[in-house]
Amino acid sequence: MSKSLVIVESPAKAKTISKILGNGFEVIPSMGHVVDLPRTRMGVDIEHNFAPSFIVAASKKKILSRIKSEAREADKIYLATDPDREGEAIAWNIREKLNRDDKKYLRVVFHELTPQAVKDAFSHPGELDTKKVQAQTGRRVLDRLVGYLLSPLLWRKIAGGLSAGRVQSVALRLIVEREREIQKFVPQEYWEIEAELKKVTRSPGHQVTGQFVAKLEKIDDKKIEIKNQDEAQQIVEDLKGKEFVVSDIKETEKRRNPLPPFITSTLQQDGFYKLRFRSARTMLIAQQLYEGIELGAEGAVGLITYMRTDSVNVAQSAIAEARRFIADKFGKSYLPDAPNFYKSRKQAQEAHEAIRPASVLRAPDLIKEYLTNEQLKLYILIYQRFIASQMRPAVYAVTSVEIKAGKYLFRASGSKLLFKGFTAIYDLSEEKEEKNILPPLLKDEILELIKLTPSQHFTKPPPRFSEATLVKTLEEEGIGRPSTYAPIIQTLTFRDYVRRLKGQLHPTELGFKVSDLLVEYFTEVINVKFTANMEEELDEIEEGNLEWVKVVNDFYGPFKIRLDYANETIQKEVVTTDEICAACAKPMVVKWSRKGKFLSCSDFPACRYAKSITTGIKCPQDGCSGELIERHSRRGLFYGCTGYPKCTYIAKTLPEKIADSEK
Ligand SMILES: [Zn+2]
Ligand SMILES: [Zn+2]
């Protein structure tokens, strides 16, 4: 029997597919891209239609030669890389490098690594989609141009070694702008008044009364604004002795629809909210689940569909399986008459699917012994969200009550769950539940006032981005795509433009400087609308409506004008300090490196004296004359001693008490 060669990206995927296809197929992992743009030069020929020079990386030479020798023996070569632009480009480049008989090459596309899906794909192989490859090439070239041409500006103005990216810079701008809003924010004081009320049941034997809380909303039919304690106190005085009467009761039924099955952005958000996973962690674990997990005697099985997607489509067979499961497990009352249908944000016509379990019959409990703790947690999340998406809505009885006390109007509301619906499996805990339970009330009923509680509040600044809210914003604004959300955040933190503190993204001083420079000179390029447009044009290339060279060329013209202007005008800024150089007594100036700022002699390079900028707090170690200095590692921020390596003192926080007593 003649042998067929199958090329995939990763060893885990190779193993899973190999088991499904059985004898007669040799499955080789390419370990990602075999060719890429060079590391040491731009590799884009601007003069000649931006032709990229893709080269074989040294680390990939061995793999490529193995693929080549296997390809010689094979009668058919199946390109089975992932079902997106990047997968298409990997496959395309491998074929280009092998450069052999075209008829031997077949593209197979599947969204899950299950026997059914893989066998289906292999019995209907197709051609490589050159439009997808073009879109990917366009993105690579754009990103290369921006990165390679912008970074030197940062070196000249701020410090060597810095880099700027096309999409990351927009994300950084969003984070920096938010931080400025927070800095500018002036909190406004306001007060609220709550009334604790009690139902008075006069009929004997029914002494039980319900207690609840109502909030003051209006005075003389106008929305209240209480600015300070005096005003609040006055109202409380005025309310004393007033009769509290139920003036209106509204009973409504509220339905809460299930959420669509996960796509990349929503999976990353729920991963953050419910599991506290960073975006990159969520994607890594999802990839493991997709590429295949060893399930004992069953061998390696792909547990979920492809994790990079912006489509909420679900295969008919998967919907049918979910509906049978829901009817069995929860009963017919939980099953909608017709399957729930969801619309993708952008009407995607491709055959992409949402992220769902490969089979709902593989319940988390049945396979948990084969999964790591993190894999299990993420699988449960994906599993429950998918089942829930095909269930009936939850139904609540909502009661809203208005209570009048003279010219004052209070409101209270309460809700009661009537039917669990999809919440029987999917936890909505990120939303605050209303704790207030209202007793049965009648119109014109007089209530007993137990207590009036005025409380002080302040308006709050907009919240900092978390990984979850940043991904949500990037998606809503149309910046980035499923494959780019996690790398954007990773890059910003890796370059120390942004730091994570308690789950929030804080720009560093370096981040501010880089963003300000880019916005000053490239505000038309480093902005949300422009970048979203660019993404759409890349989509258009994939649709076959645009040529990638035209898209890059249209971008490059105006970009070059800005670039030339920046190159002419940008100068290194010099910030002098009061400090005197210990070597030559000239003033010291502030300089930047990739690791942050430091003091350098103004006579550099004649005098090479430099010193760190410390916190000014003495090292608490006995006999050490050093000072504490801010440092950061992959694990986060810490404080070390300027006497390092002689003194190895480190601390997570500054020892403030010592600092105070020294002053
Ligand atoms: Zn000096
Ligand atoms: Zn020390």
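Okay, let's start with a pair of charged residues: the side chains of Arg356 and Glu353 meet in a salt bridge, with N and O 2.7 Å apart. And here's the part I like: Arg356 is buried, and Glu353 is buried too. Before I go on, a reminder that what you see on the screen is a predicted model.

How many salt bridges does the structure hold? The count comes to 39. I'll pick out a few. Arg411 pairs with Glu402, and their closest N and O atoms are 3.1 Å apart. Unlike the buried Arg356, Arg411 is partly exposed, because its relative accessible area is 31%.

Then there's Lys586 with Asp603, again a salt bridge, with 3.1 Å between the closest N and O atoms. Where do these two sit? Lys586 is in the loop between strand S20 (575-580) and strand S21 (587-593), while Asp603 is in the loop between strand S22 (596-601) and S23, so this salt bridge ties together parts that are 17 residues apart in sequence. Both ends have some exposure: Lys586 is partly exposed at 36% relative accessible area, and Asp603 is partly exposed at 27%. There's also a network, where salt bridges with shared partners join Arg85, Arg481, Asp539 and Glu542.

Stay in that part of the chain, please, and we get to the metals. Which residues coordinate the zinc ion that is ligand 1? They are Cys581, Cys584, Cys601 and Cys607, each through its SG atom, at 2.2 to 2.3 Å. Along the sequence, these donors follow the spacing C-x2-C-x16-C-x5-C. Why call the arrangement tetrahedral? Because the four donor atoms subtend angles of 101 to 120° around this zinc ion (ligand 1). For reference, the ideal angle for four tetrahedral donors is 109.5 degrees. Buried or partly exposed, what are these cysteines? I have two for you: Cys581 counts as buried, at 3% relative accessibility, whereas Cys584 is partly exposed, at 30%.

Now the other zinc ion, ligand 2. Its protein donors are the SG atoms of Cys619, Cys624, Cys641 and Cys647, lying 2.3 Å from the metal. The site of ligand 2 is tetrahedral, with angles of 101 to 116° among the four donor atoms, and the donors are spaced C-x4-C-x16-C-x5-C along the chain. Two of those donors come from distant parts of the chain: Cys624 is in the loop between strand S23 (610-612) and strand S24 (628-633), and Cys641 is in strand S25 (residues 636-641), 17 residues apart. Cys624 is partly exposed, with a relative accessible area of 21%, but Cys641 is buried, at 2%.

While we're here, look at the prolines. A cis peptide bond joins Phe604 and Pro605, with omega at about 5°, and Pro605 is in the loop between S22 and S23. Tyr644 and Pro645 are joined by a cis peptide bond as well, omega again about 5°. Pro645 sits in the loop between S25 and strand S26 (650-651).

Right, on to the greasy bits. In soluble globular proteins, nonpolar side chains tend to be buried together. Here, the largest nonpolar core has 66 residues, and Phe110, Leu289 and Leu378 have the most contacts inside it. Elements giving two or more residues to this core include strand S1 (4-8), helix H1 (11-21), helix H9 (279-291) and helix H12 (373-389). Which element gives the most? That's H12, with nine residues. Zoom in on Leu289: leaving out residues up to four places away in sequence, the residues it touches include Val301, Leu303, Ile304, Leu371, Leu378 and Ile382. A second, separate core has 63 residues, among them Leu153, Leu172, Val471 and Leu474.

A polar residue to finish the buried theme: Ser30, in the loop between strand S2 (25-29) and strand S3 (35-36). Ser30 counts as buried because its relative accessibility is 0%. A polar atom of the Ser30 side chain lies 2.7 Å from the backbone oxygen of Gly32. Beyond its neighbours within four places in sequence, Ser30 is in contact with residues including Ile7, Val8, Lys60 and Ile90.

Last stop, backbone oddities. Asp220 isn't a glycine, yet has a positive phi of about 50°; find it in the loop between strand S10 (211-219) and strand S11 (222-223). Arg276, also not a glycine, has a positive phi near 60°. Arg276 lies in the loop between H8 and H9 and is exposed, at 54% relative accessible area. That's my tour, thanks!

Notes: Residues are numbered from 1 along each chain as its sequence is written. Chains are lettered from A and ligands numbered from 1 in the order in which they are written. This is a predicted model: local features need pLDDT of at least 70, side-chain atom pairs count only at pLDDT 80 or more; totals for chains, interfaces and linings use all residues. Side-chain values use heavy atoms; hydrogens and water are left out. Donors are N, O and S atoms within 2.8 Å of the metal (3.2 Å for Na, K and Ca); water is not among the atoms, so sites may look incomplete. Four donors count as tetrahedral if all angles lie between 85 and 135 degrees; four count as square planar and six as octahedral if opposite donors are over 155 degrees apart and all others between 65 and 115; anything else is irregular. Helices (H or I, at least four residues) and strands (E, at least two) are DSSP runs, numbered from the N terminus. Buried means under 20% relative accessible area, exposed over 50%, partly exposed in between (1.4 Å probe, protein chains only). A nonpolar core is a set of buried Ala, Val, Leu, Ile, Met, Phe, Trp, Tyr and Cys residues joined through side-chain atoms within 4.5 Å. Contact means heavy atoms within 4.5 Å. A polar contact is a pair of N or O atoms within 3.5 Å; within protein, one must be able to donate a hydrogen and the other to accept it, and residues adjacent in sequence count only if both atoms are side-chain atoms. A salt bridge is a side-chain nitrogen of Lys or Arg within 4 Å of a carboxyl oxygen of Asp or Glu.
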